[in-house]
Amino acid sequence: MKPFYLTKNPQGYYRAVFYSQENGTFSCSKSTHSKDKTEALLIAAEWYKNGTPEGYINSRKSPDSNKSNSGLNLSNIVNRLTLEEATLLTSLISQKFGITTSLPQNPVIVSTPVIVPAQTVAPGVSPTPVVAPVAESAETPKKKFIVHKKNKLVTSGMIPEEMAQKVYEPLNPECTMNLCEFLRNFWTPSKSEYIQNKRAHKKSIGDYHCKEMANMVNRYWLPYFGDEFTVGQLTEQYLEDFLQELAEFRHLKGATINHARTCGATALKWLKNKGLIRSNPMANVEAFSKSDSVPRGIPDEKEIRALYELDWDSEVMYLAFNLSAFSGLRPGEISGLQLCDIDAQKDIITIRHSWHRTGFLKSTKTNLIRKVPVAHKIILRLISLAKSSPVASENSFVFWSKANDYKPFLPQYYDDGFFEALHRIGVSEQERRERNIDFYSLRHFCATYLANMTDMRNVQAVLGHTTPAMTQHYANHMTDEHFNAIREIFEQSRISIIAA
């Protein structure tokens, strides 16, 4: 097979995908940032020789820590080496830098070779051989690490030990169900009476939410409580210790801890309502504050103007930017837009659906259908984009993906394109992170501007909010123009007072 292949991304740029002859696998693709195939081939060949460079400055991928000061991606090079090539390379390194290395001859699992400075020995004396550490066997089972700290209050010294012990006494000793097994089943739709009953009563509880809750069990509850801890053993103090563990040692934010709390709180409340436990240990356990979350920032007027005038590489990103900044659409609503939702006569689009980040069409966030006015030239370009799809029809998606003609781009796709656009207008990645600006910030910008120019009820209708309070939350930003207007009023007042 070829050492690398070129493919095109949806914007027409060539990407290089490398093939490993050693293990028969393909690497992740990397954009050459070129639409010229010959130029892309030369770039890919250079990467194959010297290793791929560090990721794009505004990319969400972390830079490779194995990248050397010379620009070579050492990790990428090593991953493509055969054992014979590695042996030859270590020999060449020894000759050039005067250091000795050793490699296993017939390894089952090859560990990273150890390189140490060559020993200084007397003439005629053989140096002591350097032996690489032996890798652990692949069959060696990993010991499950449980961080559960039983009776944490007892050992704290805050109150006498015999008194502290009482808060850990089981509240429902008759309930012997394994805690984590019960929580997993509770959030599995095919097994959960709670979920099935909710859906029978036409109450919304999606598969994705259930999957997230089940992941909370595996990610946080299981490592703390283990497999054998029962529901009956739970007490309020155990749960307090658990949530404190997530805050102090896992360093999770308040919102994430509250999700983990909700995972257990809903299940324990259901057990109490069914009479399967006498006391709900979660009843008095307080939720965490969300004050540690960073408020979302918004671009200022100059940045929005620069983005609007930018020569966008992608028609998809240009139209998505316009719909979010000047019509207030959510990313999922942009992806879920269909050709039948566009009214070219009235220059209005109807928001009926949203495309979920895991890949399916659902109702809007608030289950509301709303109409939004859009500039006529944007309407025409949306229709043109929709009809360029190989499977264009009334129900086809406007923002169709070349990876799958029948599906749109995922909502998270717009973040990367927006970050790149910010970089092009002079907003560095560090500044963007400090200001906490992302693609969703454009919706906040739209809400802020509308709130300064029209009635709050109009803003609520356009953005699709169910309450004025939510609209106020989105519009709770002061733009530069708003500040300038207030500054002008203050200045006029000052002049009037002085003149009087």
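**Exercise 1. Place I43 and classify its exposure.**

I43 sits in helix α1, residues 37–50. Helices here are DSSP runs of H or I with at least four residues, and strands are E runs of at least two, numbered from the N terminus. The model is predicted: local features need pLDDT of at least 70, side-chain atom pairs count only at pLDDT 80 or more, and totals for chains, interfaces and linings use all residues. Residues are numbered from 1 along each chain as its sequence is written, and side-chain values use heavy atoms, without hydrogens and water.

Step 1: take the relative accessible area of I43, which is 22%.
Step 2: apply the cut-offs. Buried means under 20%, exposed over 50%, partly exposed in between (1.4 Å probe, protein chains only).
Step 3: I43 is therefore partly exposed.

**Exercise 2. Which residues does I43 touch, leaving out those up to four places away in sequence?**

Step 1: contact means heavy atoms within 4.5 Å.
Step 2: I43 touches T32 and S34.
Step 3: check the spacing to T32. I43 and T32 are eleven residues apart in sequence, and their C-alphas are 6.7 Å apart.

**Exercise 3. Compare the span of helix α3 with the expected value.**

Step 1: α3 covers residues 83–97, 15 residues.
Step 2: the expected span is 1.5 Å times one less than the number of residues. For α3 that gives 21 Å.
Step 3: the model reaches 21 Å from first C-alpha to last, close to expectation.
Step 4: look just past the end of α3. G98 has a positive phi of about 70 degrees.

**Exercise 4. Is N258 buried or exposed?**

Step 1: locate N258 in helix α10, residues 254–273.
Step 2: its relative accessible area is 11%, so N258 is buried.
Step 3: list its contacts. Not counting residues up to four places away in sequence, N258 touches A287, F288 and K290.

**Exercise 5. Describe the surroundings of I159.**

Step 1: I159 lies in the loop between α4 (152–156) and α5 (161–164).
Step 2: I159 is partly exposed, at 32% relative accessibility.
Step 3: I159 joins M158 and M163 in a nonpolar surface patch, with about 330 Å² of accessible area together.

**Exercise 6. Summarize the whole chain.**

Step 1: count the elements. The protein chain has 20 helices and twelve strands.
Step 2: take the buried share. Of its 500 residues, 37% are buried.
Step 3: sort the contacts. Among those between residues at least 6 apart in sequence, 59% join residues at least 24 apart.

Key: Patch = residues over 30% accessible without salt bridge, like charges linked within 9 Å, V, L, I, M, F, W, Y side chains within 5 Å. Areas by Shrake-Rupley, 256 points an atom, 1.4 Å probe, with all protein chains shown as cover. Salt bridge = Lys/Arg side-chain N within 4 Å of Asp/Glu carboxyl O.
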